[in-house]
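User: Please take a close look at a single part of this model, the largest pocket, and describe what lines it.

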Amino acid sequence: MEQRVSLITLGVSDLARAAAFYTALGWNRVDSPDGVVAFDLISQTLGLYPKEALAEEWGMDVNNIGGFSGITLAHNVRNKEEVAQILTQAEAAGAKILKAAADVFWGGHHGYFADPDGHVWEIAFNPFSKLGADGAFQWNGIG
C-alpha cells in the first residue's frame, strides 16, 4: 500500500446542509453522482455522503455508530493569523468552536472546530512544516 490518503468521506446527517457549510468555507464542489458531494483538495478529495447510507454500506445500524471517533482532520495554514480567521469563518458557516486559536507548547498555533455533523477539524500553523507554493503539506516541510 502506498503512503497516501486518496479520499476522505464524512458521513453526514443532512447532505445539503453539509455541502452548504463547506461551500461557505470557500471550497468549490466538483461534479459527482447524485447522493454524493465532493470537493477536490490538493492530491485528494473530501466526500460528503449520507450517514445512513454509509452505515448501510458497512452493514451497521446508524444508531449504533458512536460519537467522536478520535479522528481529527487538520488544515494547515501559512501564518499564525490565518488560524483565527478560519475559525471565525467556520463559526459563521455553522461550526461550533471547540478551542479558540492559541499558541501550542511545541511552537505552533492552532484551534479546533466541529462541523455541523460533529466532525472535528484542527486549523494549525506549524512553523516547522511550511506549506509548499501549492499549499501541499509535509510533516517536516517541503524539501
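Analyst: The pocket comes first, then the chain around it.

This is a predicted model, in which local features need pLDDT of at least 70 and side-chain atom pairs count only at pLDDT 80 or more, while totals for chains, interfaces and linings use all residues. Residues are numbered from 1 along each chain as its sequence is written, and side-chain values use heavy atoms, with hydrogens and water left out.

The largest pocket holds about 990 Å³ of space. A pocket here is an open set of points on a 1 Å grid over the protein atoms alone, where a 1.4 Å probe fits, with protein on both sides within 12 Å along at least five of seven lines; lining residues have an atom within 4 Å of a point. The volume is the space filled by probe spheres set on the points, which are joined across faces, edges and corners. Of the 30 lining residues, Gln44, Ala74, His75, Asn76 and Phe137 are the closest to the centre of the pocket. Strand E5 (72-76) and strand E8 (120-125) are the elements that give two or more residues to this lining, and E5 gives the most, with 5 residues. Strands are DSSP runs (E, at least two residues) and helices likewise (H or I, at least four), numbered from the N terminus. By class, the lining has 16 nonpolar, 8 polar and 6 charged residues. Ala, Val, Leu, Ile, Met, Phe, Trp, Tyr, Cys and Pro count as nonpolar, Asp, Glu, Lys and Arg as charged, and the others, Gly among them, as polar.

The protein chain has 3 helices and 8 strands, in the order β-α-β-β-β-α-β-α-β-β-β along the sequence.
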